[in-house]
Amino acid sequence: MIFITAGGVALAASTAAQLTAQRRVQWRTLDGKQPLVLGHRGACGYLPEHTIESYRRAIELGADFVEPDLVTTKDGHLNCAARADDR
């Protein structure tokens, strides 16, 4: 709904803010905030870990961060690996 008067616009914004405040969820975390979701090695429960497809799936599923295990090869390139001795 659009109001022409400045008071009407303020009223609409105030009402929207109240509705948003009512919808807030209290999370059962130490600080009450929504937890971060980490896609460690991608979405390894769905696809093979350390693959582009697994990283993409983790993002599609709502991961806030995707955390690959990176190791350096002998020639100085980065490689995704589950353990450092998988080089």
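**Salt bridges and surroundings of Arg41 in a predicted model**

Asp69 forms a salt bridge with Arg41, in which the closest N and O atoms lie 3.0 Å apart, a salt bridge being defined as a side-chain nitrogen of Lys or Arg within 4 Å of a carboxyl oxygen of Asp or Glu. Asp69 is located in the loop between strand S2 (65–67) and strand S3 (70–72), whereas Arg41 belongs to the loop between strand S1 (38–40) and helix H2 (52–60), so the pair ties together parts that are 28 residues apart in sequence. Helices (H or I, at least four residues) and strands (E, at least two) are DSSP runs, numbered from the N terminus. The structure is a predicted model, in which local features need pLDDT of at least 70 and side-chain atom pairs count only at pLDDT 80 or more, while totals for chains, interfaces and linings use all residues. Residues are numbered from 1 along each chain as its sequence is written, and side-chain values use heavy atoms, with hydrogens and water left out.

A search of the whole structure yields three salt bridges. Arg41 also pairs with Glu49, the closest N and O atoms of this salt bridge being 3.4 Å apart. With respect to relative accessible area (buried, under 20%; exposed, over 50%; partly exposed, in between; 1.4 Å probe, protein chains only), Asp69 counts as buried at 17%, while Arg41 at 21% and Glu49 at 32% are each partly exposed. The remaining salt bridge joins Glu60 to Arg57, with the closest N and O atoms 3.7 Å apart. Both of these residues lie in helix H2, where they are three residues apart, or about one turn of the helix. Glu60 is exposed, with a relative accessibility of 62%, and Arg57 is partly exposed at 30%. Through shared partners, salt bridges join Arg41, Glu49 and Asp69 into one network.

The backbone of the loop between S1 and H2 was examined next. Most residues other than glycine have a negative phi. Arg41, however, has a phi near 65°, a positive value in a residue other than glycine. His50, which is found in the loop between S1 and H2, likewise has a positive phi, of about 60°, although it is not a glycine. His50 counts as buried, its relative accessibility being 15%.

Ser54, placed in helix H2, is buried at 0% relative accessibility. The side chain of Ser54 reaches the backbone oxygen of Arg41 at 3.4 Å; a polar contact is a pair of N or O atoms within 3.5 Å, of which, within protein, one must be able to donate a hydrogen and the other to accept it, and residues adjacent in sequence count only if both atoms are side-chain atoms. When neighbours within four places in sequence are left aside, Ser54 is in contact (heavy atoms within 4.5 Å) with Arg41, Gly42, Ala43, Cys44, Leu47, Pro48 and Glu49.

On the surface, Leu36, Leu38 and Phe65 form a nonpolar patch with about 350 Å² of accessible area together. Patches are made of residues with over 30% relative accessible area and no salt bridge, like charges being joined within 9 Å and nonpolar side chains (Val, Leu, Ile, Met, Phe, Trp, Tyr) within 5 Å. Accessible areas come from the Shrake-Rupley method with a 1.4 Å probe, and for residues only the protein chains shown count as cover. Leu38 of this patch is placed in strand S1 and counts as exposed, at 56% relative accessibility.
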